[in-house]
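User: I've got a multi-chain model open and I'd like to learn how to read it. Could you walk me through it, feature by feature?

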Amino acid sequence: MSFHPLMEYGAGHHQSARVLPEEGPAFQFTAANLAKLEEICTRYPAERRKSAIIAALYLAQGQQGYITLSAMRAVAAAIRCSTAEVEDIVYFYTMFYTRPMGKHIVMVCRTLSCALAGAERVTETLSKELGLRPGETDANREFSLLEVECLGACDRAPVVGVNDDWHECQQPEAAKALIDGLRAAGAGSLTGCHLKVAGE
Amino acid sequence: MEPILTKYVKQPGGASLDFYMKVGGYEGLRKSLGMTPDQVVDVVKQSGLRGRGGAGFPTGMKWQFVDKKSPKPKYICCNADESEPGTFKDHVLMERNPHLLFEGCLIACHAIGAKVAYIYIRGEFYHVQQVLERELAKARAAGLVGKNIMGTGFDCDIFVHRGAGAYEAGEETALIESLEGKKAQPRLKPPFPAVAGLYDCPTAVNNVETLCNVPFIITEGAEAFAKLGPEKNGGPKLYCISGHVKNPGVYETSMHTTLRELIYDPKFGGGIRGGHQLKCVIPGGSSVPVLLPEQLDIPASFDGVASAGSMLGSAGLIVMDETTCMVWAAQNLLYFYKHESCGKCTPCREGGDWLHKLLMKIERGDGEMRDLDLLLSVANNIAGKTLCAFGDAAATPVLTTIKTFRAEYEAHIREGRCTLPASWRASHPVLAAH
Amino acid sequence: METVTLTIDGKPVTVEKGKSVLEAVIQSGGHVPYYCYHPGLGVDGSCRVCIVKIEKMPKLQTSCSTPCGEGMVVTTNSPEVEAARASVFEFLLVNHPLDCPVCDKGGECPLQDFSYSYGPERSRMAFERRTFDGEGVKADIDFGPTLMLNRNRCILCTRCVRFMKEVDGDAQIGITNRGVHSEISTFEEKGVVSLLSGNLMDVCPVGALTTRDYRFKSRPWDNPNAVDTICTLCEKGCNTTAWIKAKPEWAKGTQLIRTTPRLNEDINSYWMCDIGRFDYHWIEGDRRINQAHMNGNVTSWEDALVSVKDAVDAVGGATHAQFLVSGHASLEELFIIKQFAGNTGGVTFSWRHRVKPQPADTKFKIPAVDAPNLHGAKDLGFNTATSGVANISALQSAVDAGMVKLLYVLDPGPDGTLGDVEWVIAARKAGKIKTLIVQAVLHSALTAAADILLPGCAFVEKDATYTNMTGHVQGAARVITAPGEAVEDWQILSKLSVVFGVNVTYSSSAAVRVAIAQALGANPAYAGLATMTFSRPMSAKSWLQASNPSERWKWDFMFQDLPPIKFGDDFGPTPRANVIPMKEVK
């Protein structure tokens, strides 16, 4: 755009300090994910494709673990909206990550009910055990430690989420066992949801 | 009272369609399809069913307000974004009794003339979403959802829409925004969703528990429902009890039950754990004023709790024993509100952060006495001036704890340290995650 | 029109049904502050400063989002409302830097002004302010080719977000993060790339978005005078305001300091494009033609005019002279040409056709034709071939065939407005054109090739009228004086009319307009032409109050008295009829 010669742009004297998401490798939805997205789009009126934006971002995140600029562009193209609108959504909702995360994203609920049951101690123990402060990911991308807000299972506090699975009644003393279990058996070592009924 | 909504939650296989059909499932839908939509709305109105999401607004009225003459499609949005701290009842219902919710959604759709219901489930409930999707597919295969339901010519579909982590999405207009693929930020009212909601079409947004009550009302009648509880507080109610009680959990009972019974009765909370004493209870999720031990002999109904100066809200009782520092508790909740503020309107965006900073200052031991009046003033300045109820919710923990436990704040400030450093709290202040 | 009547502060006010309470307050001359509301954008209701008390409603209501109801009783100035408003101001200022002395918006900033009038006396916020990108100058970052962004100043009213979404049609601006960490952003920090980007500076109620062009050049009190005029850079005819910097003769820099849009609902609403806004530097630039030239040498007007007559005589009379007229010629100029057009070889119109890159569903379409008066030329009976693209092939082949001995070019527009002129220069060099006479404003390759060069006036240097693409006849006013010996173009043509066989004498451009109105009497669009008045430089307060009620409040504060002594000498409140007195808020 050079409608005015006095406005040379791109000299880069005034840089923003905002940390941008990674550009990442060129992103393309897999055929299966694209088909899945199209199926999800059919749940909404045809002119309201934007409703599927969260679903599209979940698919993108599932595909490469986190959301890159390249993935945002792919989502914008698939949803037919502007890239800025995609970025808005990515940053607004807490479950989208713009940085590479560990294989196990350990999320400790820190809100009142869990805190009353010792969630702060759980975070401390996990933090010591993993050598990570909340919000950090270890170097070999095995674990990320996060504090999250109320997960809606306050009767089994403190609750720890690992990726999409949950682990409940997690006392500080048992936190080490949780990490060991994850290292050994992955998500299979988790207690799962609190209403697992005997006999199912 | 015999549980109605949660009767089979501990039953192996209780969530399945087969089991649900065995115990009389979808009979409410069958019966309602024989009624006109207006009749359905009337029955629900007569039952006095009040919204279980927090505000306690009469459900029948909400459905009646939906602009049925509009040529646009109508929508039911089921609010399954259960994020209020201390609340986990919808979680149980959806996971263990999904078909009850589907049935409620379908009846609601029939009542307002909708062809589609969206269940907006919070992103963290991934495992619940899996249950819903699985059972939805079965219901669809059985001809209970989709085209020509039960051969009556009634078409109605249900879709599960997963959120991605935003407390604000529980506000009905923010939920609609999020469903439209935008940020979960509240809309201006008017227009109300009943006139212009999802996709600018007439919409009713109902809580999971609310919709789960509907099949019972249809099958058993408005009167049977109403007489389960006190006047204007009819029907079964789910209570979520968490915190320092012996038996935390979800309990279904009538709204005759008092708060004291809920906390101390062995059938429910079973008393304070570890031989401790009750200090206070937040009776309706984190957004309502605290009640003291002497205020508990009131029915845990919408009107009963309101008469004690608090609110039933989402019926999430957070029980705290005498080891709990109220400055710490307020700080914990304000961190939540600051973190979850959508940032749309000024008082909540700027004020929530300010309140949290002030509480942190006192919690760290740097507080000054004048900070207490400042806290009250800032909280009062937020309350009532925001776009949605979030501002009031964020101000409440500060206002109520200072009002009730001012001496504790003053001791905190005077001594420059926490006067109640409980053993279950962190040895060092935990670093903020975000 | 259906109306409703409500009571605002005890006064009955009748407004159109469907208007909001805030619009009713503005219409009735009341004072309620606002930030997220903008009359040209959708209602957002997020800033919360326009809260008022409405009887029968338990809470205070945002007036921007409450539709007027019959019999509504509104209070905008009770102690309750004032205290509530002050508290919202305190929140707005909790994280806003107090860098007004170095902020471009300072002096015309609604946040500054309203905080004085409605805000609390002092802030009780003792914590460090939230900052993005650093503090001070560092916080100013690139925001596309035309804008700079300072996120620390932003109050998140989202006017810019809504402008891009609703008007521009390409939602380039978003808000990343949430709650107190929300920040205005663009994808990859690329900034806004749009031909409407300048409007973002207008809609921004604080100094968060400023234009590169105007930054640090002037302060509001340096340019207290402004003129209502129109933009003539394309056929849209946006209504604008030209701002004049008051500066001594010897000071560097230009007088014309910026152009801002002016409300005209039929034409440009509240907006204008960046071309009109930023492309004005040529007017006072180094390339202006200040004097008449002959064969590249400066000459006097007398000699130049005589030589035109000689040149016409030399080629054998006016019938051998062809006119090449740019679409920038005003109605006055064209009307004079029209009178002798029959005696000459003919008149050909030329203009530039540029399709502007814009989103498909933009609400503000910039036309491709860069000529303000093609519609006027057609109305005057010229054949302008209004298919969008100029058709000069007949003239070109005539020149090629050596049939055009003398070519008279009239182009009062900026560079390139005549479209491609290389062929004219080539033809002159090849001798196919014997004499090339150019009446223009800017030195260019074409003027360098001219035998006789006559200095005309740019659109801001003469009172002239233009008919835009939709048939609106509008006047562009004289904002500044023409440089050197430049003369208004209609006068040059009038003086030369004898050469072309008609003696046209008018006492003024107004007299020309009277004659045009008579000639085009049948066309109702020209009914007002005879009495058309033009703005003169005057206090910005007066014109903006009259022309744009929605932005009126700025000027209540800015120009409440000049010279700018805002609060008298005791810094106490100075009661004045139309100034909101400062009040202590308890």
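Analyst: Sure, we'll go through the fold of one chain, then its interfaces, then two single residues. One thing up front: this is a predicted model.

User: Let's start with chain A. How many helices and strands does chain A have?

Analyst: Start by listing the elements, then look at their order. Chain A comes to seven helices and four strands. Going from the N terminus, the order is α-α-α-α-β-α-α-β-β-β-α. So much for the string of elements; the domain assignment splits chain A into domain 1 (20-92) and domain 2 (104-189). The C-alpha centres of those two domains of chain A are 29 Å apart.

User: What share of chain A counts as buried?

Analyst: Here you look at how much of each residue is accessible. Of the 200 residues in chain A, 60% count as buried. You can also look at how far along the sequence the contacts reach. Taking contacts in chain A between residues at least 6 apart in sequence, 64% join residues at least 24 apart.

User: On to interfaces. How many residues of chain A and chain B take part in their contact?

Analyst: For any interface, go through residues, area, and then specific pairs. The contact between these two chains takes 48 residues from chain A and 76 from chain B. Chain A and chain B bury about 5,200 Å² between them, with carbon and sulfur atoms giving 58% of that area. Three residues stand out on the chain A side: Arg43(A), Leu112(A) and Leu116(A) supply 14% of the area that chain A buries against chain B, more than any other three residues.

User: And the specific pairs between chain A and chain B: how many salt bridges are there?

Analyst: The rule finds three salt bridges across that interface. For one to click on, try Lys183(B) and Asp88(A), whose side chains meet in a salt bridge at 3.6 Å, N to O. Polar contacts are counted separately, and there are 26 residue pairs in polar contact between chain A and chain B, both residues at pLDDT 80 or more. As for where the chain A side comes from, the elements giving two or more residues are helix H2 (53-64), H4, helix H5 (112-116) and helix H6 (119-130) of chain A. By class, this side of chain A has 24 nonpolar, ten polar and 14 charged residues.

User: Let's try the other one. How many residues of chain A and of chain C are in contact?

Analyst: Run through the steps again. In this interface, 29 residues of chain A are in contact with 36 residues of chain C. About 2,700 Å² is buried between chain A and chain C, 63% of it on carbon and sulfur atoms. The rule finds three salt bridges here, and the side chains of Arg18(A) and Glu189(C) meet in a salt bridge at 2.7 Å, N to O. It also finds 13 residue pairs in polar contact across the interface of chain A and chain C, both at pLDDT 80 or more. On the chain A side, helix H3 (69-79) and helix H4 (83-92) each supply at least two residues. The largest share, seven residues, comes from H4(A). The residues on that side divide into 13 nonpolar, nine polar and seven charged.

User: Now a single residue. Is Arg178(C) buried or exposed?

Analyst: Place the residue first, then check its accessibility and its neighbours. Arg178(C) lies in the loop between strand E8 (173-176) and strand E9 (183-186) of chain C. Arg178(C) counts as buried because its relative accessible area is 7%, under the 20% cut-off. Its side chain reaches the backbone oxygen of Gly165(B) at 3.1 Å, and that of His339(B) at 3.1 Å. Beyond its sequence neighbours, the residues in contact with Arg178(C) include Phe92(A), Tyr93(A), Glu340(B) and Cys342(B).

User: One more: where is Leu111(C)?

Analyst: Leu111(C) sits in helix H3 (residues 110-118) of chain C. It counts as buried, at 2% relative accessibility. Its contacts beyond its sequence neighbours include Tyr35(C), Phe89(C), Ile155(C) and Val206(C). Ile155(C) is 44 residues from Leu111(C) along the chain, yet their C-alpha atoms are separated by 9.2 Å.

Methods: Residues numbered from 1 in each chain as written. Chains lettered and ligands numbered in written order. Predicted model: local features only at pLDDT ≥ 70, side-chain atom pairs only at ≥ 80, totals over all residues. Heavy atoms only, no water. Contact = heavy atoms within 4.5 Å. Buried area = accessible area lost by both parts, 1.4 Å probe. Salt bridge = Lys/Arg side-chain N within 4 Å of Asp/Glu carboxyl O. Polar contact = N/O pair within 3.5 Å; in protein donor to acceptor, adjacent residues only side chain to side chain. Nonpolar A, V, L, I, M, F, W, Y, C, P; charged D, E, K, R; others polar. Buried < 20%, exposed > 50% of the residue type's maximum accessible area, 1.4 Å probe, protein only. Domains from an automatic or database assignment. Lists of a residue's contacts leave out its neighbours within four places in sequence.
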